[in-house]
Amino acid sequence: MSELLRRYGHTLTWTFVALTAFWLLVLVILPQLYLLEESFRLYLPLADIGGPRDVYTLANYRSAFEQPMEWKFWLPFASKPVILPIEAPIRVQVFVHTLLYSTVTTVITLVLCYPVAYYLAKVANPKNVPLLFVGLLVPMWVSEILRAFAWFIILAFKGPLNMALVNIGVIDSPIRWMTGFNSVTFGLVYVYLLFMLLPIYSAIQSLDTNQIEAAKDLGAPGWRTHWRVIIPHSKPGIASGCVMVFMLAAGSILVPTLLASTQSRWFTEIIQQAMFESQDWNTGSAYAFMLLVTCTVFVILAMRVFRVKLSDIAR
Amino acid sequence: MSAGVDLQNVSCDFGKFRAVDKANVSIKPGEFFSFLGPSGCGKTTILRMVSGFIDPSEGQIRIGGQDMNGIRPNKRPTALIFQNLALFPLMPVWENISFGLEVRGASKDVRRAKAEELLKLVDLHDSADKAISQLSGGQKQRVAIARALAVEPSVMLLDEPLSALDLKLRQHMRAELRAIQKRTKVTFIYITHDQGEALAMSDRVAVMSQGKIQQISTPQEIYNAPVNGFVASFVGENNIFKGKVTSIDSGRCSFETDVGAFTAALGPAVDASTIARLYVRPEYSRLQAAPAGGANSIPVTVTDISFEGNFIHVHAADRTGRHLTVETRNDGSVTLPAIGSAQYLCFDAATARVLADQGMKDPGIDE
Amino acid sequence: MRSRSNWLFHLYIFIFLLYMLLPLVVMGGAALNDSRFPSVYPWVGFTSQWFVELFQDARMWQAFVNTILVAIAVVIISVPIGAAAAILINSIAGTTRTVLYGLMVAPILTPGAVIGISTLLFWNEFGVPAGLHLSALGQASYISAFVMLLVLARLQSFDRGLEEAALDLGANYNQVVRRILLPHLYPALGAGAAIAFFQSIENFNTTLFTRGTYDTLTVYVFSKVRSGITPTINALALILIVVTLVIMLYFEWARRRKEKALVARADTKEQITKAEAIGRNQPQVTFPPTQ
């Protein structure tokens, strides 16, 4: 603080501090604290607020564990669910599926993007890279909802993909793509792909090409060069991409709504239900807080696994 | 318009580290004054305290007799030339130079005229509208000087401004700086670790080490009569002998070393109890085939000769293996001893000084 | 790399590009197909009907106006906040910095739904009803973080000595900021404003919970898609794709021209490498995600 005063004097320093405080307190911290507080209170009629029934309780969180039912578990790319021999609360089932398919999405995007990032950073002719980026970034600038919408059209039962495949003769009758979590996963991967690609690209790009050549020169085969030199260097980018894709996927509302099959429900839909259909903002904030905790845990896990700092992830 | 600068018991602490320790200097108006010392000796801290970017932990700084305590940098009658010059990259040359007038509310015509005038002073015609990135190192230097002069400071503070230049240009700029100082009669406070710069340009020099001012004197005196081992070895080369003072007689002393006893001038603050060293400059040392009567002589073996044009350096070793150097002016008729030959290194008592180890970080230099 | 694996590599990149772009072609193409359901296959015939319907949709226009208003508000809020926060954090060190930095980037890592709900609840407590103003505040809470990161990155290349030099020459603090610091930050502030604007337009999750009864474009599209689809949405998508493409190609063209000019002027090798470096660095702009 004394350094700020020295550099910018009182008036400016306090302006900076006031703006930052407004942001962090009024826009970030207090709303979150408020969310947390509300999540421990009951949704009551106006007359009861402040009355004897207005107490702090875990009831909203407990509601997530009610309504046990047959557990239909969807494995990735399965066309039929596995019926597990136990019963589980419906919201827990949805939560587990959300976690699982957010993770699946993260892994798929990572596998798809790493080679592309490497190609763009180290293999492609630097002259072509900007044009390649134009190609890659157009979907990015065309908003999230339209990217999801595109797959909604493509994967429709009577959509272009099925029509084309039938007419070419690859399949006899249209495939129902929107079963289980297939279409949701397709959509999530496509919609959030570039949030994996860009951080890995800039991480690999910052690696001195000489290091790669030195590794090769020392006789390391290609995969070993990647494993020992390039991947360790691009760890912050990989971590950043994984965190972003997971967070966006788990918190996505558009993709699961647009591309859902009858069986696939996403945790954000449960939140929406509480907020809009039941108008129970207290339960809604409890679920929202659960989502926040999940994403925070994932960020911490990623920082541990990749041994990176927060400043590496959010750049 | 030029003002004196007084530092009274000025100290500066950074946490537990004392960067400047009780500095007392009185710089006269119009003087070219240098602080000379190795990096980390506190000279830059002094400069930043004078310019107002750091507040002293204790003591008082006065400029033109006025106490500077609590006066921000933008209100002090000083102008600082930064080590990296800190020219504003987004402004053309003339806006850089007239920035100080701009913030004082001068009209554009006045600023432009002043910039042109100063550009002439620093020998940079027709560069007013150039971008900073178009200038060479030396030109940038001149713009920085012009920019500082534009605010008509009473004191100019220069933080190693020549260090980024190559040798030739540096030597040229030395003379130029000196000339500008003489012309403008502004007090210059110059920070450098380069003894050549300090000696060549300054009216007086303060040699600093470990936050303390070791000696304040004219360049000649700093070189010829250093007050302690640090000053002697930081400024110029020496042949150094470690030993003990055995007797003292009116400014002279007898000094006992492992290669014999010598007579030398006695430096300040040395007596029989202090660890001391004898310093003699290579140019005051000479080689002879036989020991000189009335002078100090040490038997040595010539190990190497390096010919440097105007000077010749003869390297020799005494019986303990101590490395000694003799510098001879090349007057065209010097006869050089053969490498490996036995010689005597001789020096007169008046040219050698016995000094205390004060101010030295590592007293173990070159024994 | 051996030629066979290299060939495979190129093929993979080609397929990847197709994968990225074909969905857009399908979506855009459907806007021109005279079929009630948005599809390009089978091709029924060319029509501009969906564009006409789109332009006659008053609700779409209202949503469009709302979107722009919110985006402008977000720019106005988040650019000063982001810049102030970056300047602030750039001048402090140690634990305070780590904690503040964590708090500042946390909104980026928070799901948009959570931001939306917490904003709604918080302001509701003070009697502020849901509406576009809350959408703007909710969006600004995380978009400010992007601006902060951009400005902070720009500050890394700022020489503090310039501030000191200006102070030393007699400038007051306001003059230092206006004449020295801000001009250095303009590129980052411009980029920050652009990113804030587009982020705001893109935003769905936060807006959904805070909008009240107002529509923004994304919400409008969303409700359109859910309530019986006509290819008018494709018409909107095609317009967006074309506009995006034109803007991006323009910037790429401008960049190439600039690079060419640089190379032409460069008479030393050093400058050519510099020009190449500029070209290489170009695509490094990060595209932050929507919450």
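Begin by selecting chain B, where, among contacts between residues at least 6 apart in sequence, 67% join residues at least 24 apart. What is on screen is a predicted model, and the tour moves from chain B through its sheet and one loop residue to chain C and then to the places where chains meet.

**Chain B as a whole**

With chain B still selected, colour by secondary structure: the chain comes to nine helices and 20 strands. Its C-alpha atoms fill a box of roughly 75 × 50 × 30 Å when the box is taken along the principal axes. If you then colour by burial, buried residues make up 43% of the 367 residues in this chain.

**The six-stranded sheet of chain B**

Next, select strands β6, β7, β8, β3, β9 and β10 of chain B, which in that order form an open sheet with mixed pairing. Which strands stand at the edges of this sheet? They are β6 (78-81) and β10 (212-217) of chain B, and because each has a single partner strand, one side of each is left without a neighbour in the sheet. Looking across the sheet, you will find a twist that averages 20 degrees from one strand to the next.

Within this sheet, keep strand β7 (residues 155-159) and strand β8 (residues 187-192) of chain B in view, since this is a place to follow individual bridges. The two strands pair in the parallel sense, over five bridges. To see one such bridge, label B:L158 together with B:Y190, its bridge partner in β8(B).

**A loop residue: B:I54**

Now centre on B:I54, which has its place in the loop between α1 (43-51) and β4 (58-63) of chain B. Is this residue buried or partly exposed? B:I54 counts as partly exposed, because 19 other C-beta atoms lie within 10 Å, whereas a buried residue would need 20 or more. Setting aside residues up to four places away in sequence, B:I54 touches B:C12, B:T45, B:R48 and B:M49. A distance label drawn from B:I54 to B:P73 should read 9.3 Å, C-alpha to C-alpha, for a pair that is 19 residues apart in sequence.

**Chain C and a pair of its helices**

Switch the selection to chain C, which has twelve helices and zero strands. Buried residues make up 47% of the 291 residues here, and among the contacts in chain C with a separation of 6 or more, 72% are accounted for by residues 24 or more positions apart.

Select helix α3 (residues 58-90) and helix α10 (residues 217-226) of chain C, which pack at an angle of about 145 degrees with their axes 8 Å apart. Showing side chains for the contact brings up C:R59, C:M60, C:A63, C:F64 and C:T67 from α3(C), with C:L217, C:V219 and C:Y220 from α10(C). By class, this contact has six nonpolar, one polar and one charged residues.

**C:F209, with a contact in chain A**

From there, move to C:F209 in helix α9 (residues 205-210) of chain C. C:F209 is buried, because 29 other C-beta atoms lie within 10 Å and the cut-off is 20 or more. Leaving aside neighbours within four places in sequence, C:F209 is in contact with C:A113, C:G116, C:I117 and C:L120, and also with A:M275 of chain A. Between C:F209 and C:L121 the C-alpha to C-alpha distance is 9.9 Å, although the two are 88 residues apart in sequence.

**Where the chains meet**

Finally, display chains A, B and C together. Which of the two pairs of chains in contact shares the most contacts? It is chains A and C, in a contact that takes 84 residues from chain C and 87 residues from chain A. On the chain C side, helix α1 (residues 3-30) gives the most, with twelve residues, and by class that side has 60 nonpolar, 18 polar and six charged residues.

Then select the contact between chains C and B, which takes 16 residues from each of them. On the side of chain C, the elements that give two or more residues are α7 (160-168) and α8 (173-202), and α7(C) gives the most, with seven. By class, this side of chain C has eight nonpolar, five polar and three charged residues. As a last stop, turn to chains A and B, which do not touch, their nearest C-alpha atoms being 8 Å apart.

Technical notes:
Residues numbered from 1 in each chain as written. Chains lettered and ligands numbered in written order. Predicted model: local features only at pLDDT ≥ 70, side-chain atom pairs only at ≥ 80, totals over all residues. Contact = placed C-beta atoms within 7 Å. Helix = DSSP H or I, 4+ residues; strand = E, 2+ residues; numbered from the N terminus. Nonpolar A, V, L, I, M, F, W, Y, C, P; charged D, E, K, R; others polar. Buried ≥ 20, exposed ≤ 12 C-beta atoms within 10 Å, placed from the backbone. Axes fitted to C-alpha atoms, helices over the stretch in contact; angles between N-to-C directions. Pairing = 2+ DSSP bridges.
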